[in-house]
Amino acid sequence: MDKFTNSAWFMRIVAFALAALLFISINFEMESDKKSLGLSTAPEISTETIENVPVEVYYDRENLVVSGVPETVDVTLKGAKSLLINAKNQRDFKVYVDLSDPAISMGDRTVTFKISDLNEKLVATIDPEYAEVNVQERVTKEFSVEAEYNSSLLEEGYTAGQPTVSPQTVKITGAKDAIEQISYVKANLEISKGLNETVNSKATVKALDRDLNKLDVTIEPSSVAVSLKVSIPSKTVSIAPKQTGKAKDGIRITSISVDPKEVTLFGSETSLEKIDEINLPVNISKIDGDTELELDLNKPDSVQKMSLGKAQVKIRTEKVDVDEENAEPVVEEEEPETEQKQEEQVVEEKPEPEEEDEPAAIESKTFSNIQIVPVGIRDDQDAELESDVTSITLLGEADDLKKITKDDINLTVDVSNLDEGTHDVDLAVTVPEGVEWELDSKTVSVTITQKDEET
């Protein structure tokens, strides 16, 4: 055995085997390294454009204002497809403009876009390559806000007061040149056509130059509350019942009365000036006796609206003999009167004393917990009464009072023209005819609040 291992051929075979193993091992490691580096095959080179990449601007934001830098740019990348896909999906690179040098001068300048955090094996091209920017001193100034609206959108006959703004001033920050160009600070209240009620809304604030061009500045707050009080002129006139038609035979109309006696008209001032009363035609041709009617009030064309649309009419009649009503007076010849006849006539003509009716005793009746009903509440408001019930005392004849129940009494409070806040408003009382009424207080405290906007 020793002889064999000491032979020259044995050593040659062993050396060859070791050399072969060493070659295979080195070649295998090189192939592994190539694969790990992606060099086993030639990589597929592609290009990919990523649009609307945000641009970051580095500068002294407390003291400077930079304008002219576009918000986004397009970036075209070139490289291995796998790297492109990853860059497009992750977007973990940044495009920026660096103006952070403290010694930077004011005015116009050209700056180049730069890119960071991009894989070094990718090549990037930015479109546009550069931007013309303006660097100005940062200035903050306080301005008064003026509200405006399109008055032609108001409904015919309605008028509006001066709109109020809250807050009345805003702080505007921007480049010094832009701040110096501000001529108007407007809050435009958007209203719809045919507006006929008070508006409380938000309006965006804009800074404008003298040519009404919008300026690129920052406004704080960006919107303000605007209130526009819209109302319509009114006039209270009497309701005048006018008899029409001919009464039936045997019926004589003794009186016609209307309740209520007045109505409030709403419209333009010029149209109201021409109206002094509202005529209410009452047709008596079908009346057979004492009657109560509810008739419609005719609204004049020039009037926008009326406080009520109907009125109660009471017609009082008496029956007369048809022949007596139609007969002509007859003149009889006078006969010589004897003394006896004259004495009889004197006796007949002597008026007999009439018994005077004793006035009916006036009594009182008190009703408690009568509901007070608010009327005219707008859709965008809430109305809260300090107390929604009260007591009322009625005065009248006992027989009349016995017939009256709570359902015959109506207490209302008109809140249609009230703005936000607390108001003392007169109570409107409706009770049966022929009785008087007394209240502990003729007014009620009403609080008007704005409804929360639905989100």
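## Environment of Asp209 and overall architecture

Asp209 touches Gln181, Ser183, Tyr184 and Leu215, leaving aside residues up to four places away in sequence. The model is predicted, and the description below begins with this residue before turning to the chain as a whole.

Asp209 lies in the loop that connects β14 (199-208) with β15 (218-220). Although Asp209 is buried, it has no salt bridge. The nearest side chain of opposite charge belongs to Arg210, 7.2 Å away, whereas a salt bridge requires a separation within 4 Å. A backbone atom is reached instead: the side chain of Asp209 comes to 2.7 Å from the backbone nitrogen of Asn213.

The two distances from Asp209 are set out below.

| Partner of Asp209 | Distance |
|---|---|
| Arg210, nearest side chain of opposite charge | 7.2 Å |
| Asn213, backbone nitrogen | 2.7 Å |

The protein contains 8 helices and 32 strands. It has 455 residues, of which 29% count as buried. The exposed area is about 31800 Å², and carbon and sulfur atoms supply 46% of that area. Of the contacts between residues at least 6 apart in sequence, 70% join residues at least 24 apart.

An open sheet of 4 strands runs in the order β21-β18-β20-β23, with mixed pairing. Because β21 (277-283) and β23 (305-306) stand at the edges with a single partner strand each, one side of each has no neighbour in the sheet. Within this sheet, β18 (residues 234-244) and β20 (residues 262-266) pair in the antiparallel sense over 5 bridges. Ser234 has Phe266 of β20 as its bridge partner.

Definitions and conventions. Residues are numbered from 1 along each chain as its sequence is written. This is a predicted model: local features need pLDDT of at least 70, side-chain atom pairs count only at pLDDT 80 or more; totals for chains, interfaces and linings use all residues. Side-chain values use heavy atoms; hydrogens and water are left out. Helices (H or I, at least four residues) and strands (E, at least two) are DSSP runs, numbered from the N terminus. Buried means under 20% relative accessible area, exposed over 50%, partly exposed in between (1.4 Å probe, protein chains only). Lys and Arg count as positive and Asp and Glu as negative; His and the chain ends are not counted. A polar contact is a pair of N or O atoms within 3.5 Å; within protein, one must be able to donate a hydrogen and the other to accept it, and residues adjacent in sequence count only if both atoms are side-chain atoms. Contact means heavy atoms within 4.5 Å. Accessible areas come from the Shrake-Rupley method with a 1.4 Å probe; for residues, only the protein chains shown count as cover. Two strands pair if DSSP finds at least two bridges between them.
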